[in-house]
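Let's take a walk through one part of a protein model. Have a look at the structure first, and then we'll go through it piece by piece.

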Amino acid sequence: MQLTLDSSVTLIEPLPVPIQNLPEIVRSAVIARRDGTRLIVGFIDTPPEPSDAFPSPLDDLPTVLIAREQVLAEPRCSIARMVWACRKTLVSPGNRVRILHALSKSCDGLSLIDLSNVVRGPEDPIDAILALACEGLLAVDTSQPVTPESVVRRIRRIT
């Protein structure tokens, strides 16, 4: 869930099946492209020991292990859940275009409250903006609580 809200991640795809040499401690894994580099992201129950080294199980892709406690760390976990609660919000085509257009004119992004002013109609403007973040079109910082001053940026995906 949080990986999908990370603006540096431009692609998430399932691992091809079957994968050989995946460490036993890995509960699940995906391939992600982060900052232009493809890597395997493995999810584990407890942090690995610093001395643990695992060979790459696929095409020599680097492997990053993320522990359950990192995913559940606050405030990031609650913020990600709050954002993801808006994933089923229907955003009208007009509001989608207005939101994306407003952000395309601002290199530094806009505050959540300023961006909400472009939303028209009966939709909750904040829910509509967060729904577009769930679609991977916008970036919202999940390391800080969501406030009117939270900066929202447009993500331009290059795959």
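## What covers helix 4?

What covers the buried residues of helix 4? Keep in mind that this is a predicted model. The cover includes two helices, helix 5 (112-116) and helix 6 (125-134). It also includes strand 5 (110-111), strand 6 (138-140) and strand 7 (151-154).

## Helix 4 itself

Helix 4 takes in residues 93-104, which makes 12 residues. From its first C-alpha to its last it reaches 16 Å, close to the 16 Å expected at 1.5 Å a residue.

So which residues of helix 4 are buried? They are Asn95, Ile99, Leu100, Ala102 and Leu103. These residues cover an arc of only 160° around the axis, so they sit on the same side of helix 4. Turn to the other side of the helix and you'll find Pro93 and Val97, which are exposed.

## The sheet

Now for the strands. There's an open sheet of 3 strands here, in the order 5-7-6, and the pairing is antiparallel. Strand 5 and strand 6 are at the edges with a single partner strand each, so one side of each has no neighbour in the sheet.

Let's zoom in on one pair. Strand 6 and strand 7 run antiparallel and are joined by 3 bridges. Ala139 stands opposite Arg153, which is in strand 7.

## Helices on the sheet

How does helix 4 lie relative to the strands? It lies across strand 5, strand 6 and strand 7, and runs at about 95° to strand 7. Helix 6 packs on the sheet too, touching strand 6 and strand 7. The direction of helix 6 makes about 105° with that of strand 6.

## Two buried residues to find

Start with Ser116, in helix 5. Is Ser116 buried or exposed? Its relative accessible area is 8%, and buried means under 20%, so Ser116 counts as buried. Leaving aside neighbours within four places in sequence, Ser116 is in contact with Pro125, Ile126 and Ile129.

Next, look for Ala131 in helix 6. With a relative accessibility of 0%, Ala131 is buried as well. Once you set aside its neighbours within four places in sequence, Ala131 is in contact with Cys86, Thr89 and Val91. You can also check how Ala131 sits relative to Arg96: the two are 35 residues apart in sequence, and 9.9 Å apart in space, C-alpha to C-alpha.

Terms used
Residues numbered from 1 in each chain as written. Predicted model: local features only at pLDDT ≥ 70, side-chain atom pairs only at ≥ 80, totals over all residues. Heavy atoms only, no water. Helix = DSSP H or I, 4+ residues; strand = E, 2+ residues; numbered from the N terminus. Expected span 1.5 Å × (residues − 1). Buried < 20%, exposed > 50% of the residue type's maximum accessible area, 1.4 Å probe, protein only. Arc of directions from axis to C-beta. Contact = heavy atoms within 4.5 Å. Pairing = 2+ DSSP bridges. Axes fitted to C-alpha atoms, helices over the stretch in contact; angles between N-to-C directions.
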